[in-house]
Amino acid sequence: MSLSSALRLGDPDTFVAGVPHAAIADLRRTAPVAWQEIDEGPGFWAVLRHSDVVRVAREATQFSASLGGVVLEDLDDDSLEMMRGMLLAMDPPRHQTYRKPIADSFKARIIGELEPQIRQICRDLMVEAADRGEVEFVHDVTSGLPSRVMGQLMGLPEDDWSHLHGLAERQTSGQDPDLIAPGEGPDYSASIEMAMYAIELATARRRAIDAGRTPPSDLTTLILEGDFGGQPMTELDFGSFFVQLVTAGNDTTKTMLSSGLLALLQHPDQLAAVRADASLLPGAIEEILRWANPLHYFRRTAVAPTRIGDTEIAAGDKVAMYYTSANRDPEVFTDPDRFDIGRHPNPHLSFGIGEHFCLGVHLARLEGRVFFEELLGAFPKIELVGEPVRIRSNLNNGLKRLPVRLET
Ligand code: HEM
């Protein structure tokens, strides 16, 4: 029996003990577009080759993000409608109408201006961690960064950051019984509360503008003054847009930081190399993203019949782009299972590609670099003091616990 025949990529339990890379490689060789069953609803096509993932991502009108959403599970009507309000699940041309007005604010040069603030946030986190010494790295150290950065970017009062952080944390992985209350799904009430917060923020900002006050130059103002297909965004739309911006960069960034630290601890020679020469960090971040991609996949739905390689795809079929597989495709990466911070070029697909290419890519890279500069600078010695524990999820490829000792 081949390694891959029992592989069930849609089952969250598949990834709990570790990503089954050997079985995925086996499947990619024998069935690069593989039919997979899931418990809830119809199965899906797992697209495993790098070149095929690129094609599906680029053909945004053939492979719709909106039709069935971007996750494998079938969503109820309300959840699907809510997802369709996010950039991630919009199709062209509507997608560009919403993406264009804010895209400039996420360009490398503009995001680069945030470096001093991001550095200060990272320094505060390191001071808090140094006081503890032994920490659960995911929760105690990484989780503070993305929400504080979004607080800064959106111009939220600093007193609100921890509230926002709590709401973002409550939305984490709905497939892990350890992270949600028994019998419950993802905590949608946290999204609704966050959307309400954003609606109040938008209303107050617009009132201040109407009263003749100059608004602060932040992302909130930019969105509220933006032109979305000939009209401004309503307060209600701003609510879901805000939720998407905060949540899209939350788990993914935390995962990049915690899986990144684990990868470096597991490869002490490479950790020593980045400690000795910080200019290696940007390459190390790319390799962390390739080797420990924070998201396993995103889904599309075929709009019309087509083929991917030799496989016939019917209209309405679910098609999942497996970054976890594409990032280790030997057609593109030499010695793909090797963690190598000097790998160049490194065309990993962890940020997607094409129409929906991650809007926060420059922010994520900046947060990654500055965070590790500050972490390695603050702690000359970092060691594992317990077993890392992975999140139970078929989507999030991350850790929920990473116990480490940080020594100054
Ligand atoms: C390591 C961190 C991150 C990873 C791995 C990541 C990954 C991704 C991926 C794979 C997509 C493409 C989805 C697709 O093709 O369907 C995406 C889209 C997106 N990301 Fe990120 N992301 C990260 C950080 C961030 C941050 C910090 C933000 C902050 C604003 C962000 C905002 C977005 C948005 C708004 C989209 C939707 C873009 C669109 O549909 O046009 N991401 N991200």
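# Paired strands, a buried helix and a ligand shell

In strand S8, the bridge partner of Ala46 is Ala320. This is a predicted model, in which local features need pLDDT of at least 70 and side-chain atom pairs count only at pLDDT 80 or more, while totals for chains, interfaces and linings use all residues. Residues are numbered from 1 along each chain as its sequence is written, and side-chain values use heavy atoms, with hydrogens and water left out.

The pair Ala46 and Ala320 belongs to a larger arrangement, in which strand S2 (residues 44-47) and strand S8 (residues 318-322) run parallel and are joined by three bridges. Helices (H or I, at least four residues) and strands (E, at least two) are DSSP runs, numbered from the N terminus, and two strands pair if DSSP finds at least two bridges between them. Strands of a sheet pair through backbone hydrogen bonds, either parallel or antiparallel. Between S2 and S8, Trp45 also stands opposite Val319.

These two strands lie within an open sheet of five strands, whose order is S1-S2-S8-S5-S3 and whose pairing is mixed. At the edges are strand S1 (33-36) and strand S3 (63-64), each of which pairs on one side only. Strands S5 and S8 pair in the antiparallel sense over five bridges, and here Arg299 stands opposite Ala320 in S8. Strands S3 and S5 also pair in the antiparallel sense, over two bridges, with Ala302 in S5 as the bridge partner of Phe63.

How much of strand S5 is buried? Six of its six residues are buried, so S5 is largely enclosed by the rest of the structure; buried means under 20% relative accessible area, exposed over 50%, and partly exposed in between, with a 1.4 Å probe and protein chains only. In a regular strand the side chains alternate between the two faces of the sheet. In S5, both faces are covered, with Tyr297, Arg299 and Thr301 buried on one side and Phe298, Arg300 and Ala302 buried on the other. Strand S8 is mostly covered as well, since five of its five residues are buried: Lys318, Ala320 and Tyr322 are on one side, and Val319 and Met321 on the other.

Helix H8 (residues 144-154) offers a similar picture outside the sheet strands, for nine of its 11 residues are buried, so the helix is largely enclosed by the rest of the structure. Its buried residues include Gly144, Leu145, Pro146 and Met154. Just after H8, Gly155 takes a positive phi of about 75 degrees.

A further open sheet has three strands in the order S4-S12-S9, with antiparallel pairing. Its edge strands are strand S4 (134-136) and strand S9 (381-384), each pairing on one side only. The twist of this sheet averages 30 degrees from one strand to the next; for such values, axes are lines fitted to C-alpha atoms, for helices over the stretch in contact, and angles run from 0 to 180 degrees between N-to-C directions. Three bridges join S4 to strand S12 (residues 403-407), and the two run antiparallel, with Glu136 standing opposite Pro403 in S12.

The ligand is the last stop but one. Of the 27 residues around the ligand (those with a heavy atom within 4 Å of it), His95, Arg99, Arg300, His356 and Cys358 come nearest. An oxygen atom of the ligand is 2.6 Å from an N or O atom in the side chain of His95, and an oxygen atom of the ligand is likewise 2.6 Å from an N or O atom in the side chain of His356. The elements that give two or more residues to this shell are helix H4 (94-103), helix H12 (235-248), helix H13 (250-266) and strand S5 (297-302).

Which residue is the only protein donor of the iron atom of the ligand? Cys358 is that donor, through its SG atom at 2.3 Å, where donors are N, O and S atoms within 2.8 Å of the metal (3.2 Å for Na, K and Ca), and water is not among the atoms, so sites may look incomplete. Cys358 is placed in the loop between helix H16 (323-326) and helix H17 (361-378).

His348 is also in the loop between H16 and H17. This histidine, His348, is buried, with a relative accessible area of 10%.

Note on methods
Polar contact = N/O pair within 3.5 Å; in protein donor to acceptor, adjacent residues only side chain to side chain.
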